Amino acid sequence: MLAFIIKRLANAVFVMLSVTFLAFVIFRFVGDPVDQMLNEQATQEQRDDLRERLGLDKPFLVQFTSFVGRAATGDFGISFRNQRDVLDMIGERFPATFELVLVATFISLIVGVPMGVITAIKRQSWYAETMQFTSIIGISLPSFVVGIGLILVFSVWLGWFPAFGRGDTVDLGWWTTGLLTPSGRMSIVLPALSLSLFQITLVMRLVRAEMLEVLRSDFIKFARARGIPARSIHFRHALRNCLMPVVTMTAMQIGGLIAFALVTETVFQWPGMGLLFIQAVTFVDVPIMAAYLCIVALIFVVLNAIVDMTYAVIDPRLRGAEK
Amino acid sequence: MSDQTSVKAVPTRMERFWDSDLWWSFKSHKSAVGAAIVLLLVIITAFLAPVLSPQNPYDLAALELWNAELPPIWMEGGQMPFLLGTDVQGRDILSGILYGTRISIVIGIASVAVSLVVGIGFGLMAGYYGGWIDNVLMRIGDVLLSIPIVLVAILVSSVAQQFLPPAFREVGVAAVLVLAIAMYSWVQYARVVRAQTMVERRKEYVMASRLVGTPARRLMLKHILPNTLTPIFVAATLNFGLAILIEATLSFLGVGMPPNQPSLGTLIRVGNQYLFSGSWWIVLFPSIQLCILVVAVNMLGDWLRDALNPKLR
């Protein structure tokens with residue numbers, strides 16, 4: 001057990017080191033930082049001075065170590081474009097992205113789980129087959145196309161929801177939220193829907209597959225034989241046994257959603273980290289790109305590690321499975 | 001007085017195919033047949049783009065500004081030959097879509113091909129030799145799969161485009177995109193091939209073949225590889241759909257194909273700017289074409305996965 005956890009943690013650290021290395025390579029070799037920070041009239045002396053101050057004259061490995069050291073303490077340097085601390089800029093944008101992801105996850109569970117149950121218990125009915133068929137389409141639709149479609153129908157044609165921005169936000173000191181104001185709540189509907197569509201189909205297919213498996217098992221047959229009402233069998237006994245994989249998958253997907261939200265944020269001009277990143281890419285603002293990569297990878301890796309370790313605690317079979 | 005049980009010659013490859021389980025399964029799946037027909041139509045029209053389209057969208061001289069923002073033909077103000085209307089530069093939407101689809105399909109196929117070659121090669125080596133080669137290759141794969149795919153693709157493609165000399169821009173961007181997409185998807189093939197190779201390696205036929213001195217490369221490619229191809233085939237079909245999607249997403253975000261060589265994603269990116277000015281056709285039709293293309297590919301892939309799965313027979 002302990003060996004498994006240590007192995008898993010070592011793996012996570014290794015992945016993070018590789019990601020940091022990638023971020024460092026981008027940071028170091030995309031454009032010369034000295035050129036970007038000084039103007040053209042700078043003398044050679046000033047250049048050398050800055051080069052020395054930034055530590056760019058030191059050997060590669062030394063530079064990388066100090067980059068990792070600074071990254072670990074949250075120091076990613078200063079944005080080339082805004083001359084502001086990168087971590088502050090990302091921190092300001094984080095609540096917007098996180099709220100979006102949270103609402104999208106919520107929607108996907110509320111909609112996806114019942115759809116999965118229905119398609120499993122009424123397998124032959126026309127509506128179950130329609131849902132199953134539309135789920136293939138749901139997985140295939142690119143999320144930005146879904147977003148544009150939603151804007152076209154609900155903002156441009158019907159005018160029900162705002163098409164961009166976050167609405168009014170409330171500042172809670174360390175967190176800004178849009179969920180407490182009416183305009184904020186209206187603004188989050190379309191982006192959250194378009195982000196959750198893929199999730200909904202994923203949850204639905206997972207619940208359906210698990211339900212079909214559980215419904216075949218002996219304890220369900222026994223419950224049927226005892227004459228327990230179908231509703232109670234399906235929702236109290238069968239569904240409960242399906243929820244474990246759904247919960248873990250949802251947890252694992254949150255990391256992916258945070259990364260993927262950048263597409264949704266671009267479509268809806270949602271002021272989150274993803275939009276910041278895409279703008280940084282356009283202006284080759286390397287410190288922001290590097291920091292965003294590290295932070296998103298960190299969230300992703302930590303969530304995956306936690307899920308894996310929880311699994312090992314709950315399901316003893318997995319402890320031996322790792323070779 | 002010969003026994004008249006007609007002995008047929010060995011069936012040709014085509015005859016074997018018409019008689020195979022796969023073909024029977026295909027014929028009995030309406031959605032698979034439908035998807036295949038739609039996909040064929042999309043591909044054929046895309047590659048006949050220069051013949052079919054009323055205008056060459058890359059030829060700036062052919063664009064007339066007074067044709068700008070014409071609505072589709074069935075609406076008031078629509079004009080022949082612009083069936084689906086025009087964009088703000090007077091470019092025919094339908095022509096743009098046909099040419100754009102061609103670019104999307106070519107990039108999709110190329111990236112699947114590259115990742116297949118890399119994935120199968122690495123997978124065979126990792127599974128056959130084992131040891132440190134296996135360790136290094138699989139660790140690299142683990143790291144790649146631990147970072148979200150969109151992020152990797154965006155970074156690779158935007159960083160690589162910085163380094164492209166202007167002379168290579170035209171060809172270079174497409175090549176960079178292919179690599180950015182392939183960089184991620186080879187891992188999947190490599191894992192499948194590696195696992196299968198590790199099983200096959202211990203079987204008698206491989207032992208026998210090694211005893212007679214078959215070189216390792218020939219052994220891997222001619223003897224082991226054919227036994228690993230079925231799952232690879234399914235994965236490649238589904239990945240083709242995914243590759244088209246990722247390319248479209250990158251182009252939409254502005255790190256993919258440039259506006260002078262638009263893929264479907266670029267067309268949607270450009271059209272998105274006119275969403276609020278009422279010219280919805282500029283963005284809607286390319287989006288529909290992209291959806292049709294990806295849905296058709298995925299439905300074929302879905303069918304293929306079930307048809308080739310021995311457990312579901």
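Reader: How many residues does each chain bring to the contact of chain A with chain B?

Author: Chain A gives 35 residues and chain B gives 34, where two residues are in contact if their C-beta atoms, placed from the backbone, lie within 7 Å. This is a predicted model, in which local features need pLDDT of at least 70, side-chain atom pairs count only at pLDDT 80 or more, and totals for chains, interfaces and linings use all residues. Residues are numbered from 1 along each chain as its sequence is written, while chains are lettered from A and ligands numbered from 1 in the order in which they are written.

Reader: What makes up the side of chain A that touches chain B, by class?

Author: That side has 28 nonpolar, 7 polar and no charged residues. Ala, Val, Leu, Ile, Met, Phe, Trp, Tyr, Cys and Pro count as nonpolar, Asp, Glu, Lys and Arg as charged, and the others, Gly among them, as polar.

Reader: Why are H10(A) and H12(A) called roughly antiparallel?

Author: Happily, this one is simple. The two helices pack at an angle of about 175 degrees, with axes 8 Å apart. Angles over 145 degrees count as roughly antiparallel, under 35 as roughly parallel, 65 to 115 as roughly perpendicular and the rest as oblique, so H10(A) is roughly antiparallel to H12(A). Their contact includes A:Gly255 of H10(A) and A:Phe300 of H12(A).

Reader: Which element of chain A has the lowest mean pLDDT?

Author: Helix H13 (residues 317-321) of chain A, at 56; pLDDT is the predictor's confidence in each residue, from 0 to 100. Where pLDDT is low, the predicted coordinates should not be read in detail.

How values were computed: Helix = DSSP H or I, 4+ residues; strand = E, 2+ residues; numbered from the N terminus. Axes fitted to C-alpha atoms, helices over the stretch in contact; angles between N-to-C directions.
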